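Subject: Structure for you to look at

Dear colleague,

Please find the structure below, together with the notes that I made while going through it. I suggest keeping the model open as you read, so that you can look up each place as it comes.

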Amino acid sequence: MNNLAITYQHIADILSFKTNDSQLEKTISNTAFDWEDIVREGSKHYVIPVIYCRLKAKKLLHKLPEDLLSYLELITSENRQRNSIILIQIRSISQLFNLNHIDHVFLKGSALLASGCFEDNAERMLGDIDILVSPEQLKEAYQLLCDNGYYPSDQTLGHDFFEHKHLPRLKTKLTDNRIAAVEIHRKLFTTHNDDTLNFEAIFNERKQINTVYIPSKKHLLMHNILNFQINDYGALYNSISFRSTYDTIIIQRGYSGAKEWYKKKVYKNYFKYTSLFFEDIRVSTNVKTNIFTNFYLFKLKHLKFYKNWNKLIGVMRFTPILLYRLWLFISNKTYRKAIITDRNRIFNHFKSILNHF
(Lines give C-alpha, C1' and ligand atoms only; values in the text may rest on other atoms or scores of the structure.)
Protein backbone atom coordinates (compact mmCIF):
# COMPACT_ATOMS: atom_id res chain seq x y z
CA MET A 1 0.00 0.00 0.00
CA ASN A 2 1.99 3.00 -1.28
CA ASN A 3 -0.66 5.71 -1.61
CA LEU A 4 -3.27 5.88 1.12
CA ALA A 5 -4.97 8.80 -0.63
CA ILE A 6 -6.08 6.50 -3.45
CA THR A 7 -7.48 3.95 -1.00
CA TYR A 8 -9.29 6.73 0.88
CA GLN A 9 -10.83 7.98 -2.35
CA HIS A 10 -12.01 4.48 -3.26
CA ILE A 11 -13.66 4.03 0.17
CA ALA A 12 -15.25 7.47 -0.14
CA ASP A 13 -16.61 6.59 -3.58
CA ILE A 14 -18.17 3.43 -2.16
CA LEU A 15 -19.77 5.23 0.80
CA SER A 16 -20.87 8.34 -1.07
CA PHE A 17 -24.42 8.97 -2.26
CA LYS A 18 -23.13 11.17 -5.09
CA THR A 19 -20.68 8.79 -6.74
CA ASN A 20 -21.10 7.94 -10.39
CA ASP A 21 -21.96 4.25 -9.90
CA SER A 22 -21.02 3.31 -13.47
CA GLN A 23 -17.57 4.77 -12.99
CA LEU A 24 -17.27 3.05 -9.61
CA GLU A 25 -18.17 -0.26 -11.23
CA LYS A 26 -15.37 0.20 -13.76
CA THR A 27 -12.93 1.07 -10.99
CA ILE A 28 -13.63 -1.95 -8.78
CA SER A 29 -13.77 -4.26 -11.81
CA ASN A 30 -10.15 -3.49 -12.63
CA THR A 31 -7.96 -6.50 -11.88
CA ALA A 32 -5.44 -4.15 -10.23
CA PHE A 33 -8.03 -2.88 -7.73
CA ASP A 34 -6.67 -3.61 -4.24
CA TRP A 35 -9.47 -4.94 -2.02
CA GLU A 36 -6.94 -5.75 0.71
CA ASP A 37 -6.30 -2.05 1.24
CA ILE A 38 -10.05 -1.35 1.33
CA VAL A 39 -10.60 -4.00 4.02
CA ARG A 40 -7.54 -2.94 6.02
CA GLU A 41 -8.47 0.74 6.15
CA GLY A 42 -12.19 0.03 6.40
CA SER A 43 -11.52 -2.06 9.50
CA LYS A 44 -9.43 0.71 11.07
CA HIS A 45 -12.27 3.18 10.50
CA TYR A 46 -15.06 0.79 11.59
CA VAL A 47 -16.88 1.00 8.25
CA ILE A 48 -16.70 -2.58 6.95
CA PRO A 49 -20.49 -3.16 7.34
CA VAL A 50 -21.40 0.11 5.64
CA ILE A 51 -19.00 -0.65 2.78
CA TYR A 52 -20.98 -3.84 2.20
CA CYS A 53 -24.34 -2.07 2.57
CA ARG A 54 -23.43 0.73 0.16
CA LEU A 55 -22.11 -1.70 -2.45
CA LYS A 56 -25.34 -3.63 -2.06
CA ALA A 57 -27.40 -0.45 -2.51
CA LYS A 58 -25.37 0.38 -5.63
CA LYS A 59 -25.99 -3.20 -6.93
CA LEU A 60 -22.26 -3.87 -7.19
CA LEU A 61 -21.82 -6.87 -4.90
CA HIS A 62 -21.43 -9.18 -7.88
CA LYS A 63 -18.14 -7.45 -8.67
CA LEU A 64 -16.53 -8.62 -5.43
CA PRO A 65 -14.33 -11.73 -5.16
CA GLU A 66 -16.39 -14.58 -3.65
CA ASP A 67 -14.26 -14.96 -0.51
CA LEU A 68 -14.41 -11.22 0.15
CA LEU A 69 -18.16 -11.15 -0.39
CA SER A 70 -18.62 -13.97 2.11
CA TYR A 71 -16.43 -12.16 4.65
CA LEU A 72 -18.30 -8.85 4.28
CA GLU A 73 -21.67 -10.61 4.50
CA LEU A 74 -20.61 -12.31 7.73
CA ILE A 75 -19.33 -9.12 9.39
CA THR A 76 -22.43 -7.19 8.32
CA SER A 77 -24.83 -9.89 9.48
CA GLU A 78 -23.14 -10.11 12.87
CA ASN A 79 -23.23 -6.34 13.27
CA ARG A 80 -26.91 -6.22 12.30
CA GLN A 81 -27.69 -8.82 14.95
CA ARG A 82 -25.59 -6.97 17.53
CA ASN A 83 -27.32 -3.68 16.77
CA SER A 84 -30.74 -5.29 17.09
CA ILE A 85 -29.83 -6.35 20.62
CA ILE A 86 -28.32 -2.94 21.43
CA LEU A 87 -31.52 -1.26 20.24
CA ILE A 88 -33.53 -3.42 22.65
CA GLN A 89 -31.05 -2.46 25.37
CA ILE A 90 -31.39 1.27 24.54
CA ARG A 91 -35.18 1.08 24.75
CA SER A 92 -34.98 -0.81 28.03
CA ILE A 93 -32.74 1.85 29.59
CA SER A 94 -34.97 4.57 28.16
CA GLN A 95 -38.04 2.98 29.75
CA LEU A 96 -36.22 2.68 33.09
CA PHE A 97 -35.14 6.32 33.04
CA ASN A 98 -38.53 7.58 31.88
CA LEU A 99 -40.33 5.69 34.65
CA ASN A 100 -37.99 7.23 37.22
CA HIS A 101 -38.15 10.73 35.70
CA ILE A 102 -34.45 10.89 34.83
CA ASP A 103 -33.73 13.73 32.39
CA HIS A 104 -31.51 12.19 29.76
CA VAL A 105 -30.67 11.98 26.08
CA PHE A 106 -28.85 9.24 24.17
CA LEU A 107 -25.74 10.28 22.26
CA LYS A 108 -23.66 9.41 19.19
CA GLY A 109 -24.21 5.96 17.65
CA SER A 110 -26.95 5.05 20.14
CA ALA A 111 -28.94 8.12 19.16
CA LEU A 112 -28.43 7.48 15.45
CA LEU A 113 -29.49 3.86 15.79
CA ALA A 114 -32.57 4.81 17.83
CA SER A 115 -33.52 7.51 15.31
CA GLY A 116 -33.80 4.96 12.48
CA CYS A 117 -31.75 7.16 10.14
CA PHE A 118 -29.88 4.28 8.49
CA GLU A 119 -31.32 2.33 5.56
CA ASP A 120 -29.89 -0.78 7.23
CA ASN A 121 -29.14 -0.85 10.97
CA ALA A 122 -26.09 -2.94 10.17
CA GLU A 123 -24.36 0.11 8.73
CA ARG A 124 -23.22 1.63 12.05
CA MET A 125 -20.72 -0.11 14.32
CA LEU A 126 -21.28 0.76 18.01
CA GLY A 127 -19.16 0.32 21.08
CA ASP A 128 -20.77 1.64 24.24
CA ILE A 129 -24.18 3.19 24.86
CA ASP A 130 -23.57 6.85 25.69
CA ILE A 131 -26.16 8.82 27.66
CA LEU A 132 -26.10 12.46 28.77
CA VAL A 133 -27.89 12.86 32.10
CA SER A 134 -29.00 15.92 34.05
CA PRO A 135 -26.17 16.97 36.42
CA GLU A 136 -28.51 16.78 39.41
CA GLN A 137 -29.48 13.20 38.58
CA LEU A 138 -26.12 11.64 37.70
CA LYS A 139 -25.81 9.58 40.88
CA GLU A 140 -29.48 8.55 40.76
CA ALA A 141 -29.21 7.41 37.14
CA TYR A 142 -25.99 5.55 37.85
CA GLN A 143 -27.47 3.78 40.86
CA LEU A 144 -30.61 2.87 38.89
CA LEU A 145 -28.51 0.99 36.37
CA CYS A 146 -26.48 -0.66 39.13
CA ASP A 147 -29.74 -1.80 40.73
CA ASN A 148 -30.84 -3.27 37.41
CA GLY A 149 -27.99 -5.58 36.51
CA TYR A 150 -25.14 -3.24 35.57
CA TYR A 151 -21.88 -3.01 37.49
CA PRO A 152 -18.88 -0.60 37.42
CA SER A 153 -15.77 -1.60 35.52
CA ASP A 154 -12.45 -1.60 37.36
CA GLN A 155 -11.27 1.98 37.83
CA THR A 156 -7.81 3.50 37.78
CA LEU A 157 -6.74 6.14 40.28
CA GLY A 158 -7.41 8.81 37.63
CA HIS A 159 -11.11 8.76 38.50
CA ASP A 160 -10.24 9.82 42.06
CA PHE A 161 -8.17 12.84 41.02
CA PHE A 162 -9.45 14.01 37.62
CA GLU A 163 -12.95 14.71 36.38
CA HIS A 164 -13.83 12.72 33.28
CA LYS A 165 -16.64 13.57 30.92
CA HIS A 166 -18.50 10.45 32.04
CA LEU A 167 -18.90 8.42 35.22
CA PRO A 168 -17.12 5.05 35.55
CA ARG A 169 -18.14 2.76 32.71
CA LEU A 170 -20.91 0.30 33.53
CA LYS A 171 -20.68 -3.27 32.28
CA THR A 172 -23.40 -5.88 32.08
CA LYS A 173 -23.51 -9.65 31.98
CA LEU A 174 -24.05 -10.76 28.41
CA THR A 175 -27.68 -11.78 27.89
CA ASP A 176 -30.12 -12.06 25.01
CA ASN A 177 -30.97 -8.35 25.32
CA ARG A 178 -27.83 -6.84 26.88
CA ILE A 179 -24.40 -6.78 25.28
CA ALA A 180 -23.13 -3.18 25.41
CA ALA A 181 -21.49 -1.28 28.25
CA VAL A 182 -23.03 2.05 29.29
CA GLU A 183 -21.39 5.42 29.90
CA ILE A 184 -23.34 8.06 31.84
CA HIS A 185 -22.05 11.46 30.70
CA ARG A 186 -21.90 14.57 32.82
CA LYS A 187 -20.70 16.55 29.79
CA LEU A 188 -19.66 16.00 26.18
CA PHE A 189 -16.04 17.18 26.41
CA THR A 190 -13.35 17.27 29.06
CA THR A 191 -11.75 20.61 28.18
CA HIS A 192 -13.65 22.08 25.21
CA ASN A 193 -16.49 24.50 25.96
CA ASP A 194 -19.34 25.21 23.56
CA ASP A 195 -22.47 26.98 24.82
CA THR A 196 -24.51 25.61 21.92
CA LEU A 197 -23.74 22.08 23.13
CA ASN A 198 -24.26 22.47 26.85
CA PHE A 199 -26.75 20.45 28.86
CA GLU A 200 -29.55 23.02 28.74
CA ALA A 201 -29.31 23.64 24.99
CA ILE A 202 -29.39 19.94 24.12
CA PHE A 203 -32.26 19.13 26.49
CA ASN A 204 -34.36 22.09 25.31
CA GLU A 205 -34.28 20.82 21.72
CA ARG A 206 -34.22 17.05 22.22
CA LYS A 207 -36.62 14.82 20.32
CA GLN A 208 -38.42 11.66 21.39
CA ILE A 209 -38.56 8.82 18.88
CA ASN A 210 -40.32 5.63 19.96
CA THR A 211 -39.98 6.71 23.63
CA VAL A 212 -36.21 7.28 23.22
CA TYR A 213 -34.84 10.79 23.75
CA ILE A 214 -32.18 11.88 21.25
CA PRO A 215 -30.61 15.27 20.41
CA SER A 216 -31.95 17.47 17.63
CA LYS A 217 -30.45 17.05 14.15
CA LYS A 218 -28.37 20.17 14.71
CA HIS A 219 -26.93 18.90 17.98
CA LEU A 220 -26.39 15.40 16.59
CA LEU A 221 -24.42 16.90 13.73
CA MET A 222 -22.41 19.30 15.89
CA HIS A 223 -21.57 16.63 18.46
CA ASN A 224 -20.62 14.09 15.81
CA ILE A 225 -18.13 16.54 14.30
CA LEU A 226 -16.70 17.79 17.59
CA ASN A 227 -16.50 14.31 19.08
CA PHE A 228 -14.05 13.41 16.33
CA GLN A 229 -12.28 16.77 16.24
CA ILE A 230 -11.88 17.14 20.02
CA ASN A 231 -12.33 13.81 21.81
CA ASP A 232 -10.68 11.71 19.09
CA TYR A 233 -8.02 14.38 18.36
CA GLY A 234 -8.99 14.72 14.70
CA ALA A 235 -8.21 18.45 14.76
CA LEU A 236 -4.82 17.85 16.41
CA TYR A 237 -3.74 15.24 13.88
CA ASN A 238 -5.52 16.93 10.93
CA SER A 239 -7.10 13.68 9.84
CA ILE A 240 -10.47 12.23 8.90
CA SER A 241 -12.66 9.40 10.15
CA PHE A 242 -14.83 7.51 7.67
CA ARG A 243 -17.29 6.49 10.38
CA SER A 244 -17.69 10.08 11.54
CA THR A 245 -17.91 11.33 7.96
CA TYR A 246 -20.60 8.83 7.02
CA ASP A 247 -22.56 9.76 10.15
CA THR A 248 -22.29 13.41 9.11
CA ILE A 249 -23.56 12.61 5.62
CA ILE A 250 -26.53 10.71 7.04
CA ILE A 251 -27.44 13.45 9.53
CA GLN A 252 -26.97 16.23 6.97
CA ARG A 253 -29.47 14.57 4.64
CA GLY A 254 -32.20 15.25 7.19
CA TYR A 255 -30.95 18.60 8.46
CA SER A 256 -32.49 21.82 7.16
CA GLY A 257 -31.65 24.15 10.05
CA ALA A 258 -29.35 27.16 10.21
CA LYS A 259 -25.75 26.50 9.26
CA GLU A 260 -23.97 29.65 10.47
CA TRP A 261 -22.03 27.53 12.96
CA TYR A 262 -20.35 25.80 9.99
CA LYS A 263 -18.14 28.91 9.79
CA LYS A 264 -16.43 28.25 13.12
CA LYS A 265 -12.84 27.13 12.65
CA VAL A 266 -13.16 23.67 14.20
CA TYR A 267 -16.11 22.84 11.90
CA LYS A 268 -14.58 24.45 8.81
CA ASN A 269 -11.45 22.34 9.22
CA TYR A 270 -13.54 19.17 9.51
CA PHE A 271 -15.38 19.92 6.27
CA LYS A 272 -12.16 21.04 4.59
CA TYR A 273 -10.46 17.69 5.10
CA THR A 274 -13.43 15.40 4.54
CA SER A 275 -14.44 17.25 1.37
CA LEU A 276 -11.13 16.24 -0.18
CA PHE A 277 -12.73 12.83 -0.72
CA PHE A 278 -16.50 13.33 -0.32
CA GLU A 279 -18.65 15.49 -2.54
CA ASP A 280 -21.56 14.85 -0.11
CA ILE A 281 -19.79 16.68 2.70
CA ARG A 282 -18.89 19.88 0.87
CA VAL A 283 -20.42 23.08 2.20
CA SER A 284 -19.63 24.94 -1.02
CA THR A 285 -19.18 23.99 -4.67
CA ASN A 286 -15.48 24.90 -4.62
CA VAL A 287 -12.99 22.70 -2.82
CA LYS A 288 -10.05 24.87 -1.88
CA THR A 289 -6.86 23.18 -0.85
CA ASN A 290 -4.25 25.00 1.20
CA ILE A 291 -0.88 24.27 2.75
CA PHE A 292 -2.48 22.14 5.49
CA THR A 293 -4.68 19.98 3.25
CA ASN A 294 -1.81 19.58 0.80
CA PHE A 295 0.38 18.46 3.69
CA TYR A 296 -2.28 15.94 4.68
CA LEU A 297 -2.35 14.53 1.14
CA PHE A 298 1.44 14.43 1.19
CA LYS A 299 1.35 12.37 4.40
CA LEU A 300 -1.11 9.92 2.86
CA LYS A 301 1.28 9.40 -0.03
CA HIS A 302 4.32 8.94 2.24
CA LEU A 303 3.21 6.54 4.96
CA LYS A 304 6.52 6.18 6.76
CA PHE A 305 6.69 9.94 7.20
CA TYR A 306 2.98 9.97 8.21
CA LYS A 307 3.55 7.44 10.99
CA ASN A 308 6.62 9.27 12.32
CA TRP A 309 4.81 12.61 12.15
CA ASN A 310 1.88 11.23 14.14
CA LYS A 311 4.32 9.85 16.72
CA LEU A 312 5.80 13.33 17.08
CA ILE A 313 2.33 14.86 17.53
CA GLY A 314 1.54 12.15 20.08
CA VAL A 315 4.67 12.96 22.10
CA MET A 316 3.80 16.67 22.00
CA ARG A 317 0.27 15.91 23.19
CA PHE A 318 1.43 13.58 25.94
CA THR A 319 4.28 15.75 27.32
CA PRO A 320 2.11 18.45 29.03
CA ILE A 321 0.01 15.71 30.62
CA LEU A 322 3.11 13.98 31.95
CA LEU A 323 4.53 17.25 33.31
CA TYR A 324 1.27 18.07 35.08
CA ARG A 325 1.11 14.61 36.62
CA LEU A 326 4.72 14.97 37.74
CA TRP A 327 3.94 18.31 39.40
CA LEU A 328 0.90 16.74 41.08
CA PHE A 329 3.05 13.82 42.28
CA ILE A 330 5.45 16.28 43.93
CA SER A 331 2.86 18.64 45.40
CA ASN A 332 -0.01 16.31 46.38
CA LYS A 333 0.72 13.77 49.11
CA THR A 334 -2.50 11.78 48.50
CA TYR A 335 -1.81 11.50 44.78
CA ARG A 336 1.79 10.52 45.45
CA LYS A 337 0.70 7.74 47.79
CA ALA A 338 -1.85 6.47 45.26
CA ILE A 339 0.80 6.42 42.52
CA ILE A 340 3.22 4.45 44.65
CA THR A 341 0.52 1.94 45.58
CA ASP A 342 -0.50 1.50 41.93
CA ARG A 343 3.06 1.70 40.56
CA ASN A 344 3.12 -1.65 38.73
CA ARG A 345 0.04 -0.89 36.63
CA ILE A 346 1.24 2.66 35.94
CA PHE A 347 4.69 1.45 34.90
CA ASN A 348 3.14 -1.02 32.44
CA HIS A 349 0.78 1.69 31.17
CA PHE A 350 3.65 4.11 30.44
CA LYS A 351 5.65 1.28 28.91
CA SER A 352 2.83 0.53 26.46
CA ILE A 353 2.59 4.24 25.57
CA LEU A 354 6.32 4.46 24.89
CA ASN A 355 6.17 1.30 22.77
CA HIS A 356 3.34 2.89 20.77
CA PHE A 357 5.56 5.89 20.04
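Among contacts in the protein chain between residues at least 6 apart in sequence, what percentage join residues at least 24 apart? The share is 69%. Please keep in mind throughout that this is a predicted model.

To begin with the chain as a whole, the protein chain holds 17 helices and 7 strands. Its radius of gyration is 22 Å, close to the 21 Å that the globule rule gives for 357 residues, so the chain is as compact as a globular protein of that length. Along the principal axes, the C-alpha trace spans about 65 × 45 × 45 Å. Of the 357 residues, 46% are buried, while the surface that the chain exposes comes to about 19100 Å², with carbon and sulfur atoms supplying 52% of it.

A good place to look inside the model is helix H4, which runs over residues 48-57. Because 8 of its 10 residues are buried, this helix is largely enclosed by the rest of the structure. The buried residues of H4 are Ile 48, Pro 49, Val 50, Ile 51, Tyr 52, Cys 53, Arg 54 and Leu 55, and what covers them includes helix H1 (4-15), helix H2 (21-29), helix H3 (35-44), helix H5 (66-99) and helix H12 (242-253).

Cys 53 leads on to the cysteines. A search of the whole structure finds 0 disulfides. Cys 53 is accordingly in no disulfide, and the nearest cysteine sulfur, which belongs to Cys 117, is 13 Å away. Cys 53 counts as buried because its relative accessibility is 8%, under the 20% cut-off, whereas Cys 146 is partly exposed, with a relative accessible area of 23%.

Next come some backbone angles. Most residues other than glycine have a negative phi, which is the background for the following three places. Tyr 46, which sits in the loop between H3 and H4, has a positive phi near 60 degrees, and at 45% relative accessibility it counts as partly exposed. Just after H4, Lys 59 takes a positive phi of about 60 degrees. Thr 211, in the loop between strand S6 (207-209) and strand S7 (212-214), has a positive phi near 75 degrees, and Thr 211 counts as partly exposed at 45% relative accessibility.

Another loop to visit is the one between helix H11 (234-237) and H12, where Ser 239 lies. At 18% relative accessibility, Ser 239 counts as buried, since the cut-off for that word is under 20%. Leaving aside its neighbours within four places in sequence, Ser 239 is in contact with Phe 228, Gly 234, Tyr 296 and Tyr 306.

Finally, please turn to the outside of the model, where Leu 323, Leu 326 and Ile 330 make a nonpolar surface patch of about 320 Å². One of these residues, Ile 330, is found in helix H15 (residues 303-331), and Ile 330 counts as exposed because its relative accessible area is 59%, over the 50% cut-off.

With best wishes

Terms used
Residues numbered from 1 in each chain as written. Predicted model: local features only at pLDDT ≥ 70, side-chain atom pairs only at ≥ 80, totals over all residues. Heavy atoms only, no water. Patch = residues over 30% accessible without salt bridge, like charges linked within 9 Å, V, L, I, M, F, W, Y side chains within 5 Å. Areas by Shrake-Rupley, 256 points an atom, 1.4 Å probe, with all protein chains shown as cover. Salt bridge = Lys/Arg side-chain N within 4 Å of Asp/Glu carboxyl O. Helix = DSSP H or I, 4+ residues; strand = E, 2+ residues; numbered from the N terminus. Buried < 20%, exposed > 50% of the residue type's maximum accessible area, 1.4 Å probe, protein only. Rg over C-alpha atoms; globule rule 2.2 N^0.38 Å. Contact = heavy atoms within 4.5 Å. Disulfide = S-S within 2.5 Å.
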